Amino acid sequence: SIENKALTIENTMTSFPGLIDCHVHFREPGLEHKATIDSEAKAVRAGGVLIVCEMPNTMPPTNTIENLRDKVARADKVRSICDVRFFFGATAYEHLAELERLVTD
């Protein structure tokens, strides 16, 4: 679990609570040749970040419930490294209908 962890800068007396990055661009799915969710999670953790909010511009984009479920399943694999939250891409009317379905189903 990543709860109640603190970032301690090596060889100092400085300690910070885990940081939150509310705008990250992980590359999975679709752009794994650039990075994977595992490599990105390890990178943010190395920088002291424990929680990230991932943007929806992957391939395919996160603008359907199915694509969101896929990303959530991928994030479960790195939950011990960092907590991944997601933005839902609503750039067209049909995406709003998907969002409504997400709330009502």
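Two strands are said to pair if DSSP finds at least two bridges between them. Helices (H or I, at least four residues) and strands (E, at least two) are DSSP runs, numbered from the N terminus.

The model is predicted, so that local features need pLDDT of at least 70 and side-chain atom pairs count only at pLDDT 80 or more, while totals for chains, interfaces and linings use all residues. Residues are numbered from 1 along each chain as its sequence is written, and side-chain values use heavy atoms, with hydrogens and water left out.

**Exercise 1. Describe the sheet formed by S3, S4 and S5.**

Step 1. The chain holds three helices and five strands, and read along the sequence they follow the pattern β-β-β-α-β-α-β-α.

Step 2. Three of the strands form an open sheet, in the order S3-S4-S5, with parallel pairing. Strand S3 (19-24) and strand S5 (83-86) are the edge strands, since each pairs on one side only. From one strand to the next, the twist averages 20 degrees.

Step 3. S3 and S4 run parallel and are joined by four bridges; among the partners, Leu19 is matched with Val49 in S4. Helix H2 (residues 65-76) packs on the sheet, where it touches S4 and S5, and its direction makes about 170 degrees with that of S5. For such values, axes are lines fitted to C-alpha atoms, for helices over the stretch in contact, and angles run from 0 to 180 degrees between N-to-C directions.

**Exercise 2. Is Glu54 buried or exposed, and which residues does Glu54 touch?**

Step 1. Glu54 lies in strand S4 (residues 49-54), and in that strand Glu54 is the bridge partner of Val24.

Step 2. Buried means under 20% relative accessible area, exposed means over 50%, and partly exposed lies in between (1.4 Å probe, protein chains only). Glu54 has a relative accessibility of 1% and therefore counts as buried.

Step 3. Contact means heavy atoms within 4.5 Å. Not counting residues up to four places away in sequence, Glu54 touches Val24, Phe26, Lys71, Val84, Arg85, Phe86 and Phe87. The side chains of Glu54 and Lys71 are also joined by a polar contact of 2.6 Å.

Step 4. A polar contact is a pair of N or O atoms within 3.5 Å; within protein, one must be able to donate a hydrogen and the other to accept it, and residues adjacent in sequence count only if both atoms are side-chain atoms.

**Exercise 3. Which elements give two or more residues to the largest nonpolar core?**

Step 1. A nonpolar core is a set of buried Ala, Val, Leu, Ile, Met, Phe, Trp, Tyr and Cys residues joined through side-chain atoms within 4.5 Å.

Step 2. The largest such core has 12 residues, including Val24, Val44, Val49 and Cys82. The elements that give two or more residues to this core are H1 and S4, and the largest share, three residues, comes from H1.

Step 3. Leaving aside its neighbours within four places in sequence, Val44 is in contact with Phe26, Val49, Val52 and Cys82.

**Exercise 4. Is Thr91 buried or exposed?**

Step 1. Thr91 is found in the loop between S5 and helix H3 (93-104).

Step 2. The relative accessible area of Thr91 is 73%, so Thr91 is exposed.
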